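Biologist: Could you pick one part of this model and take me through it slowly, together with whatever surrounds it? I am new to this, so please explain the words you need as you go.

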Amino acid sequence: MRVLGIETSCDETSAAVVDGSGDRPTLRSLVILSQDVHRVFGGVVPEIASRAHLTAIAPVVRRALDDAGVRAEEIDAIAVTNAPGLVGALLVGVSFAKALAASLGVPVLGVHHMEGHLFATELEDAAAAPPFTALLVSGGHTLLLDVPAWGEYRLLGATRDDAAGEAFDKVAKLLGLPYPGGRHVEELAATGDPTRYRFARPMLNAGQRLGDADYYDLSFSGLKTAVLLAVRKAESDGEIEEARPHLARAFQDALVATLAEKAVRAASAHARPRIVLGGGVACNRALVERVRARAIATLGAGATVHAPSPRLATDNAAMIARAALFRLGRGERSGADLNAYATLDLPGLMPSDAVNA
Ligand code: KG4
Ligand code: ZN
């Protein structure tokens with residue numbers, strides 16, 4: 001089966017062609033057009049994003065087909081992100097996908113954006129397949145999942161306030177770095193002295209026990225406020241320029257320590273020696289290395305941590321086509337009433353009382 005994937009949930013217009021069956025995907029092409037215009041505003045402006053998707057969608061899809069060396073008539077199905085995200089932005093992709101599918105006479109399938117992130121790593125690393133523990137860390141979501149099989153997801157924990165990527169972006173702004181800031185914070189932190197500042201590890205303490213609500217949950221708004229107060233103090237002391245790398249380092253260390261610990265707690269409780277990371281924050285090398293070190297220390301030398309390369313970690317249509325390959329293989333199709341939704345539960349969520357079974 002050959003799937004054309006389309007992703008327009010935020011500020012990337014992306015299309016990709018993926019071939020294969022449910023468990024043997026091959027990426028034929030991937031085009032990602034990032035909307036740089038939002039940089040001027042320090043964040044994504046929804047109306048501008050929708051208009052930019054509208055201008056870009058047809059040439060981006062055309063280019064993905066050309067790069068794959070296939071004609072539109074050689075596509076068997078079209079997959080499109082239909083939730084969660086900016087509704088106006090999603091609608092551009094959904095409308096385009098439905099119209100193209102109707103004109104070609106092929107099925108269309110709506111895909112949940114976070115299920116796409118879950119499948120991304122496996123496109124380039126066949127070992128990133130279930131069963132595993134998943135930590136999805138993007139600009140809009142932070143989810144800790146147990147994944148016994150594709151399509152079966154136990155939600156163990158989530159952020160109670162800001163997403164991990166959002167915390168990076170807000171701290172980047174405080175430190176005078178461009179949007180989106182995660183990559184810039186990581187670069188600045190690399191030159192920081194880890195002993196100069198220390199922020200409390202958010203939602204992490206030794207007294208937490210399995211079954212406690214905060215055992216897996218995450219929270220980053222308190223950490224962001226702690227950074228804000230430290231930045232203000234350094235400014236009033238006239239030391240901000242010198243302190244910036246150390247503040248970035250202390251912030252990243254605190255955030256990464258919590259994410260790593262919670263991911264390893266989940267892997268340990270479910271006896272999963274494999275941890276798969278996804279979402280834009282999975283580009284962060286300090287996060288990947290910390291999860292790996294904690295996993296090996298806690299789960300043993302056989303523990304493995306799988307992270308996508310940056311192109312597949314951030315928003316892209318290849319992961320959407322890959323997730324669709326799995327669902328289309330099970331006979332799933334969307335109808336002509338396929339719509340876009342700002343929020344939607346991940347499909348395949350199992351009841352939470354099964355969490356520690
Ligand atoms: O998954 P993604 O592309 O979009 C959403 O679905 O939200 O994630 C974007 C997020 C942004 O918040 C960005 O700052 C963050 O991923 N990010 C990083 C890094 N690269 C991107 N955060 C930390 N370190 C990085 N190297
Ligand atoms: Zn995303």
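Modeller: Happy to! Let's start with the labels: helices (H or I, at least four residues) and strands (E, at least two) are runs assigned by DSSP, numbered from the N terminus. Please keep in mind that this is a predicted model. The part I have chosen is helix α7, which spans residues 240-269.

Let's begin with a neighbouring helix. Helix α4 covers residues 164-174, and its axis comes within 11 Å of the axis of α7, with the two crossing at roughly 175°. Angles over 145 degrees count as roughly antiparallel, so α4 is roughly antiparallel to α7. Which residues make the contact? On α4 they are A164, A167, F168 and V171, while α7 brings F251, Q252, L255 and L259. Sorted by class, this contact has 7 nonpolar residues, 1 polar residue and no charged ones.

Now for the strands. Helix α7 lies across β6 (132-137), β7, β8 and β9, and runs at about 155° to β6. These strands are part of an open sheet of 5 strands with mixed pairing, and the order is β8-β7-β6-β9-β10. β8 (152-158) and β10 (304-306) are the edge strands, each pairing on one side only. From one strand to the next, the twist averages 25°. Look at the β8 end of that order: β7 (residues 142-149) pairs with β8 in the antiparallel sense, over 5 bridges. If you would like one pair of residues to find on your screen, L145 stands opposite L155 of β8.

Next, follow the chain onward from the helix. In the loop between α7 and β9 you will find A271. A271 has a positive phi of about 50° although it is not a glycine. Is A271 buried or exposed? Its relative accessibility is 63%, and exposed means over 50%, so A271 counts as exposed.

A little further along, past β9 (274-278), comes N284, in the loop that leads to α8 (285-299). Is N284 buried or exposed? Buried means under 20%, and because N284 has a relative accessibility of 3%, it counts as buried. The side chain of N284 reaches the backbone nitrogen of L287 at 3.0 Å. Leaving aside residues up to four places away in sequence, N284 touches F168, E186, Q252 and V256. Two of those names should ring a bell: F168 is one of the α4 residues in the helix contact, and Q252 is one of those from α7.

Finally, let's go back to α4 and look at the loop that follows it. P180 sits in that loop, between α4 and α5 (182-189). The peptide bond from Y179 to P180 is cis, with omega near -10°. After α5, the loop between α5 and α6 (221-236) holds M203. Like A271, M203 is not a glycine but has a positive phi, here about 60°. M203 has a relative accessible area of 21%, so it is partly exposed.

To pull the picture together, α7 crosses α4 at roughly 175° and also lies across β6, β7, β8 and β9. N284, from the loop between β9 and α8, touches residues that include F168 and Q252. Try finding those residues on your screen, and then trace the chain between them.

Methods. Residues are numbered from 1 along each chain as its sequence is written. Chains are lettered from A and ligands numbered from 1 in the order in which they are written. This is a predicted model: local features need pLDDT of at least 70, side-chain atom pairs count only at pLDDT 80 or more; totals for chains, interfaces and linings use all residues. Side-chain values use heavy atoms; hydrogens and water are left out. Buried means under 20% relative accessible area, exposed over 50%, partly exposed in between (1.4 Å probe, protein chains only). A polar contact is a pair of N or O atoms within 3.5 Å; within protein, one must be able to donate a hydrogen and the other to accept it, and residues adjacent in sequence count only if both atoms are side-chain atoms. Contact means heavy atoms within 4.5 Å. Axes are lines fitted to C-alpha atoms, for helices over the stretch in contact, and angles run from 0 to 180 degrees between N-to-C directions. Angles under 35 degrees count as roughly parallel, over 145 as roughly antiparallel, 65 to 115 as roughly perpendicular and the rest as oblique. Ala, Val, Leu, Ile, Met, Phe, Trp, Tyr, Cys and Pro count as nonpolar, Asp, Glu, Lys and Arg as charged, and the others, Gly among them, as polar. Two strands pair if DSSP finds at least two bridges between them.
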